[in-house]
Each structure stands twice: as structure tokens, then as C-alpha cells.
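Subject: Structure handover and what was found in it

Hello,

Here is the structure I promised to pass on. Please open it beside this email and follow along as you read.

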Amino acid sequence: MLTIANFFLEVLKTLKDLGVFAVRPGIYRRFFERSNALFLIASDKGIIVEINPAFAERLGFQREMLRGTKFMKHVHPADQERTMNEMNKIRAGADVDGFRNRYICADDTVIELEWLSTGNGTIYAVAREIKS
């Protein structure tokens, strides 16, 4: 079943494979900036390299406050071990589809996210919020 998140992950993979990020950064930037999907790009160490406005806004932080920080800082403590296990799979070259964890927002509310992620040293991820 093709979900919105699957669609965005496939678009990200295609753009990466085509070299659009390196060759046509303006297209990447507009896609990334305008999307309502929650996009995250992180280093293999889990440091946020980039986050789109929709994600920063949903968490209640300024983007500048999130860049350069470890995303695990925002993962609910009860979900951190499982999240690290999934991150290790991505580091090993696996795609992760449908992983769920909880994030803590700036106002201390907790939201549940479902992730689709891929990586090659850099982690490319898109999430959608799961509402009860």
C-alpha cells in the first residue's frame, strides 16, 4: 500500500539517486522546505544535519535549536533503546519502514511518529504523526 510517507520516501530516494541534492539544490530545498511531511536528515551518529520547517514547528522548536543536536535528546526515554536498534539497522544499510516511537515536544507534550528511513552514512527519514 502506498502511503503519503512511502511516497515521500520514494521521492527522496529517487532525488538522492539522481544526484539532485548535489546538482540541483534549489529543487531539493523547495521540496524540503514546503512539504508538510516531517523530514529529518541526520549523521550516522544521530546528529541532526537538517530538519524541515514542518517538523521543527510540530516539535515546537526553532530549526536552529535542533540542528547540530542529537535527535535522541527528543525521543521519549522509554523508546530510546528501540530507536537505537532501528538506527543501527539503517547504519547497516537497511531501510526502516513503519517504525514508531514517541518524541517529546518543546512544551513537554508527547507525540507518536511513524518513520520511513534509509541511509548510507547519512540518515534520510520522513515521519508522520500517529493520532490516537
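With which residue does Arg82 form a salt bridge? The partner is Asp79, and the closest N and O atoms of the two are 3.3 Å apart. The two ends differ in their surroundings: Arg82 is partly exposed, at a relative accessible area of 39%, while Asp79 is buried, at 4%. Please keep in mind that this is a predicted model.

Overall layout

The protein chain contains six helices and five strands. Following the sequence, their order is α-α-α-β-β-α-α-α-β-β-β. There are 132 residues in the protein chain, and 46% of them count as buried. The accessible surface is about 7300 Å², with 53% of that belonging to carbon and sulfur atoms. Among contacts with a separation of 6 or more, 41% are between residues 24 or more positions apart.

The nonpolar cores

In soluble globular proteins, nonpolar side chains tend to be buried together. In this model, the largest nonpolar core has 26 residues. Phe55, Leu59, Phe71, Tyr103, Leu113 and Trp115 have the most contacts inside this core. At least two core residues come from each of β1 (38-42), β2 (48-51), α4 (53-59), α6 (80-91), β3 (96-104), β4 (110-119) and β5 (123-130). The element that gives the most is α4, with four residues. Apart from this core lies another one, of nine residues, which include Tyr28, Phe31, Ala37 and Phe39.

Phe71 is a good residue to click on. Leaving aside residues up to four places away in sequence, Phe71 touches Leu40, Ala42, Gly46, Ile48, Thr83, Met87 and Tyr103.

The hairpin of β1 and β2

Two of the residues touched by Phe71, Leu40 and Gly46, also turn up in this hairpin. The strands β1 and β2 pair in the antiparallel sense, over three bridges. Leu40 has Ile51 in β2 as its bridge partner. Five residues lie between the two strands of the hairpin, and Gly46 takes a positive phi near 85°.

A charged residue in α6

Is Glu86, which lies in helix α6, buried or exposed? Glu86 has a relative accessible area of 15%, and the cut-off for buried is under 20%, so Glu86 counts as buried. The side chain of Glu86 makes a polar contact of 3.0 Å with the side chain of Lys89. Farther along the sequence, beyond four places away, Glu86 touches Val96 and Phe99.

Salt bridges

How many salt bridges does the model have? The count comes to eleven. One of them joins the side chains of Glu33 and Arg63, at 2.8 Å from N to O. Glu33 is in helix α3 (residues 25-34) and Arg63 is in helix α5 (residues 63-66), so this pair ties together parts that are 30 residues apart in sequence. Glu33 is partly exposed, at 26% relative accessibility, whereas Arg63 is buried, at 14%.

Another salt bridge runs between Arg100 and Glu114, with the closest N and O atoms 3.9 Å apart. This pair also links distant parts of the chain: Arg100 is in strand β3 and Glu114 is in strand β4, 14 residues apart. Arg100 counts as partly exposed, at 35% relative accessibility, and Glu114 counts as buried, at 16%. Elsewhere, salt bridges that share partners join Glu33, Glu50, Arg63, Glu64 and Arg67 into one network.

Arg128 and its partner

Which side chain does that of Arg128 join in a polar contact of 2.7 Å? It is the side chain of Glu114, the residue already named as the salt-bridge partner of Arg100. Arg128 lies in strand β5 and counts as partly exposed, at 37% relative accessibility. The C-alpha atom of Arg128 is separated by 5.5 Å from that of Leu113, although the two residues are 15 apart along the chain. Leu113 was named above as well, among the residues with the most contacts inside the largest nonpolar core.

Regards

Definitions and conventions. Residues are numbered from 1 along each chain as its sequence is written. This is a predicted model: local features need pLDDT of at least 70, side-chain atom pairs count only at pLDDT 80 or more; totals for chains, interfaces and linings use all residues. Side-chain values use heavy atoms; hydrogens and water are left out. Buried means under 20% relative accessible area, exposed over 50%, partly exposed in between (1.4 Å probe, protein chains only). Contact means heavy atoms within 4.5 Å. Accessible areas come from the Shrake-Rupley method with a 1.4 Å probe; for residues, only the protein chains shown count as cover. A nonpolar core is a set of buried Ala, Val, Leu, Ile, Met, Phe, Trp, Tyr and Cys residues joined through side-chain atoms within 4.5 Å. Two strands pair if DSSP finds at least two bridges between them. A polar contact is a pair of N or O atoms within 3.5 Å; within protein, one must be able to donate a hydrogen and the other to accept it, and residues adjacent in sequence count only if both atoms are side-chain atoms. A salt bridge is a side-chain nitrogen of Lys or Arg within 4 Å of a carboxyl oxygen of Asp or Glu.
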